[in-house]
Amino acid sequence: MIKIERVSHKYNLGLSNEVKALNNVSFSINDGDFIGIIGHSGSGKTTLLNVISGLLKPSEGSVTYDDKEIYHLAMNHTSQFRNRNIGFIFQDYYLEPKFTAFENVSIPLMPQKEWSLKEIESKVNEALDLVGLAHRKHHKAYQLSGGEKQRVAIARAIVTDAKVLFADEPTGNLDSKNSHEIMNLLRNLNKQGKTIVLITHKNEDTIGLSKVLFLKDGTVQ
Ligand SMILES: Nc1ncnc2c1ncn2[C@@H]1O[C@H](COP(=O)(O)OP(=O)(O)OP(=O)(O)O)[C@@H](O)[C@H]1O
């Protein structure tokens with residue numbers, strides 16, 4: 001379970017110029033939830049996602065995973081915790097364009113020296129199979145369509161067996177057919193036990209989710 005308690009965040013731009021991006025946000029995420037975060041541009045969605053996922057220490061408040069406060073861990077433990085437990089999916093995919101689909105998906109397994117090359121190969125193949133892209137594994141990322149790129153990014157997010165997936169507008173660059181397919185893939189991963197936190201602009205993406213939070217000016221409505 002993830003608990004977000006009294007989280008506020010200010011970006012300090014110097015010369016007493018600051019932006020209050022989050023204001024006293026509290027909610028919890030149960031294991032197996034599929035949470036949607038929706039809100040207008042600038043309402044604080046990405047800031048909130050970065051705070052919950054351990055990328056951005058908030059100015060105030062706490063984020064705990066099973067009673068472990070992530071921002072109290074030593075810096076290297078926070079990144080180790082993220083690498084093992086959390087997968088990220090972004091609107092712009094962030095793939096290495098000249099790496100193959102297979103190589104892109106293998107990247108998160110590299111810092112965890114516990115895997116042999118054989119184990120890495122089987123995990124990557126399994127993840128690519130799960131997203132329906134086994135037949136494109138030797139394609140370089142730049143040779144893939146947008147929908148295929150997002151599938152590779154999802155395979156990369158799940159290859160470490162991460163329990164929680166954070167998806168920041170994963171359908172933002174896709175047409176409606178591909179968006180629908182990516183949302184179905186995320187729904188299936190959720191049915192298989194992944195906890196998912198999704199940021200979206202699109203109301204239709206939030207249909208059937210366990211909880212939808214509407215953010216306005218940094219506050220949950
Ligand atoms: N690094 C930063 N430095 C200063 N201000 C920032 C920074 N990042 C975000 N902000 C400001 O914080 C507020 C919330 O931004 P955030 O990116 O969280 O919103 P968002 O809801 O994700 O927006 P969008 O839907 O447009 O991506 C905005 O007013 C933004 O200008």
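The paragraphs below lead from the chain as a whole to its core, then to one of its sheets, and finally to the residues around the ligand.

The structure is a predicted model, and its chain contains 6 helices and 10 strands. The radius of gyration of the chain is 18 Å, close to the 17 Å that the globule rule gives for 221 residues, so the chain is as compact as a globular protein of that length. Taken along the principal axes, the box that the C-alpha atoms fill is roughly 50 × 40 × 35 Å. Of the 221 residues in the chain, 38% are buried. When contacts between residues at least 6 apart in sequence are considered, 71% of them join residues that are at least 24 apart.

From the chain as a whole we can turn to its interior. The largest nonpolar core has 55 residues, and within this core the residues that touch the most other members are I37, V105, L128, V152, A155 and V197. Helix α5, which covers residues 146-158, supplies the largest share of this core, namely 6 residues. One of the residues named above, A155, can serve as an example: leaving aside its neighbours within four places in sequence, A155 is in contact with V105, A127, L128, L130, V131 and L133. Among these partners, V105 and L128 are themselves listed with the core residues that touch the most other members.

The next element to follow is a sheet. Four strands form an open sheet in which the order is β2-β1-β4-β5 and the pairing is antiparallel. Strands β2 and β5 (68-69) stand at the edges, where each has a single partner strand, so one side of each is left without a neighbour in the sheet. At one of these edges, strand β4, made of residues 60-65, is joined to β5 by 2 bridges, and the two strands run antiparallel. T64 has E69, in β5, as its bridge partner.

Strand β2 also leads to the ligand, because β2 (18-29) and α1 (45-52) each supply at least two residues of the shell around the ligand. The largest share of that shell, 3 residues, comes from α1. The residues around the ligand are Y11, L13, V19, A21, G39, S41, G42, S43, G44, K45, T46 and T47. Sorted by class, this shell has 7 polar residues, 4 nonpolar residues and 1 charged residue.

Notes:
Residues numbered from 1 in each chain as written. Predicted model: local features only at pLDDT ≥ 70, side-chain atom pairs only at ≥ 80, totals over all residues. Near = placed C-beta within 6 Å. Nonpolar A, V, L, I, M, F, W, Y, C, P; charged D, E, K, R; others polar. Pairing = 2+ DSSP bridges. Rg over C-alpha atoms; globule rule 2.2 N^0.38 Å. Buried ≥ 20, exposed ≤ 12 C-beta atoms within 10 Å, placed from the backbone. Contact = placed C-beta atoms within 7 Å. Core = buried A, V, L, I, M, F, W, Y, C linked by C-beta atoms within 7 Å.
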